[in-house]
Each structure stands twice: as C-alpha cells, then as structure tokens.
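Subject: The structure I promised you

Hi,

Here is the structure we talked about, with some notes on what turned up in it. Have a look at it first, and then read on.

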Amino acid sequence: MSEHLLSEQPLNVENLEVHYGAISAVKGISLTVAPGEIVAIIGANGAGKSSTLRAIAGAVPHTGRVSIGATDITQMPSEQIVCRGLSLVPEGRGIFGNLTVLENLLLGAWTNRKEAPENLEKVYNLLPRLRERQRQVAGTLSGGEQQMLAVGRALMSRSKILLLDEPSMGLAPKLVLEIFSILRDINSAGVSLLVVEQNATMALRLAQRAFLLELGSITLSGTGTELLENPRIRGAYLGH
Ligand SMILES: Nc1ncnc2c1ncn2[C@@H]1O[C@H](COP(=O)(O)OP(=O)(O)O)[C@@H](O)[C@H]1O
Ligand SMILES: [Mg+2]
C-alpha cells in the first residue's frame, strides 16, 4: 500500500479552476502545502474557498492539476483520494446526527478497518471529549463537539493532509479557541492542514503561510504574520 509513502509528500495545486455552469467560482489558483505545514485561505463569503477545498478533495468537477507528491489525483474519485491520505472536513460538518459519536468515528475508518481500534485510541487521545461522549447521539452534541467529531472522523482514515472548511463557523468564542488549539495538536501529531476561514485573525495566527482569495483568484500571499500586518487585510478582513 502506497499510502504511507505518499503521506510525507507535499500537496500541489496548479491552475485549479471550478465552474458551475456559467459561474466561474475558482479562476486558476496555484498553491502548495508542505508536509507538516499549516496553510490558510482567507476571503469573504462567496470568494471560492469551499469550491477550492471541494475540488482538491475530488468532490466537484474541476480542471488544473492536483497532486500529492508525484501522484496525480486530479481526476481521482474522492474515496480514492481519502485512501491516499487526504480528507475534507466539510463546511457544516457532515456528520450523521442520528448515529452515536462512536458510530460516526467508525464510519470514518472504512479505509483501514483492521487498524480502526488503534486509530480510535489515537483520536480519543487527541479529542478526549469524544471518548466521554462516545455513546451519545451525534445530533445532540454542541456545535463545538460536532466540529470535533467531524475532525475526529476525518482522522480515522489516517489522513496526513486535512482540508478544513470553516472549522470555527457558528461556534462561541471560547470554543473557537478550543478548536484552533486542537488543530495545533493535530498538526503537531504530523498532519498537514489547509484551513479555510472567514475568521481571518485566528486562521492567520495559526498558519505558517496564507493566501487571500478574492472572486476566485489569489490576490495576496505571505506568511501568516505578514498577512496579519498587511494594511489591506487589516482594513477589509480583520475589522481594525
Ligand atoms: N453548487 C453550486 N452551484 C452554483 N454556484 C455555486 C455552487 N456552489 C458555489 N457556487 C457559487 O460559487 C461561488 C463561490 O462559492 P464558495 O466556493 O462556496 O465560496 P466561499 O466558500 O468562499 O463562500 C459563489 O458565487 C457561489 O454562489
Ligand atoms: Mg464556504
């Protein structure tokens, strides 16, 4: 199985385009995520952030080239991309509300059932709240706990690259801090992160490198700190 070989490889996105009929949502963007790196994409509502992540994960039709190391994944079905170590934690979380926490996590283990008990233990160690709540029906979890479950489920497939779509959306400020702290822990455990956020301040503090997406194009890039200090970003995206 080539999964482990690929896992230490960079994610490369070249000239990615997404169209919905006549609407051009992503207009030829290129970026890389190095092994172990945290990269953020910030931008306003409708900028094309979700479309970018969905295209990389193989969930919407797209053109351009997406690769993990030397392996071209551009036209692979999303299930095969998950087997290559890349998972999307979708906006709105996509968990099964009528199943328990444990059942949701086990669904995430379809790529390698044999290792499921071992992976479950790792996920519970990273996200102890999920261990406490494992018999609870997922629909009754708080917003923050549901977000933790969505992240935990993606990790059950042993992903080495996680794409996170607005992990802080709809969460109270204290929970936002908790989720971002969890993302740091997951990254320290060896997982690369590509994070999309409207909460630009938190995302830029978390990320080593970041991109500003406007109307489907990358219009600024730099380190997280550079973008935090950029006057245009401060004026339009940080609210001060
Ligand atoms: N399934 C779809 N069908 C048609 N248009 C879509 C669809 N999904 C997104 N769009 C449009 O594509 C653009 C980018 O959307 P999206 O990627 O969701 O942006 P963001 O995540 O930055 O808010 C928007 O104009 C949106 O209305
Ligand atoms: Mg979105």
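Which strand and which helix each supply at least two residues of the shell around ligand 1? They are strand 2 (23–33) and helix 2 (49–56); helices (H or I, at least four residues) and strands (E, at least two) are DSSP runs, numbered from the N terminus.

Before the rest, a word on the source. This is a predicted model, in which local features need pLDDT of at least 70 and side-chain atom pairs count only at pLDDT 80 or more, while totals for chains, interfaces and linings use all residues. Residues are numbered from 1 along each chain as its sequence is written, and chains are lettered from A and ligands numbered from 1 in the order in which they are written.

**Around the ligand**

Tyr20, Ile23, Ala25, Gly43, Asn45, Gly46, Ala47, Gly48, Lys49, Ser50 and Ser51 surround ligand 1, where a residue is near if its C-beta atom, placed from the backbone, lies within 6 Å of the molecule. Helix 2 gives the largest share of this shell, three residues. Sorted by class, the shell has four nonpolar, six polar and one charged residues. Here Ala, Val, Leu, Ile, Met, Phe, Trp, Tyr, Cys and Pro count as nonpolar, Asp, Glu, Lys and Arg as charged, and the others, Gly among them, as polar.

**The whole chain**

The chain has eleven helices and ten strands. Its C-alpha trace spans about 45 × 40 × 35 Å along the principal axes. Of the 240 residues, 44% are buried, meaning that 20 or more other C-beta atoms lie within 10 Å of a residue's own (exposed is 12 or fewer, partly exposed in between, with C-beta atoms placed from the backbone).

**Strands**

An open sheet is formed by four strands in the order 2-1-4-5, with antiparallel pairing. Strand 2 and strand 5 (71–72) are at its edges with a single partner strand each, so one side of each has no neighbour in the sheet. Two strands count as paired if DSSP finds at least two bridges between them. Strand 4 (residues 63–68) and strand 5 are joined by two bridges, and Ile68 is opposite Thr71 in strand 5.

Thr63 is also in strand 4. Is Thr63 buried, exposed or partly exposed? It counts as partly exposed because it has 14 C-beta neighbours inside 10 Å. The C-alpha atoms of Thr63 and Glu17 are 5.2 Å apart, although 46 residues separate the two along the chain.

Elsewhere, strand 3 (residues 38–42) pairs with strand 9 (residues 209–214) in the parallel sense over four bridges, and Ala40 has Ala210 in strand 9 as its bridge partner. Strand 9 also pairs with strand 10 (residues 217–223), in the antiparallel sense and over six bridges; Arg209 stands opposite Thr223. Strands 9 and 10 make a hairpin with two residues between them, and Leu215 in the turn has a positive phi of about 45°.

**Helix 7**

Helix 7 is largely enclosed by the rest of the structure, because eleven of its 13 residues are buried. Among them are Met148, Leu149 and Arg153. The buried residues of helix 7 pack against several elements, including strand 6 (86–89), helix 5 (116–126) and helix 8 (173–188).

Happy browsing, and do write back with questions!

How values were computed: Contact = placed C-beta atoms within 7 Å.
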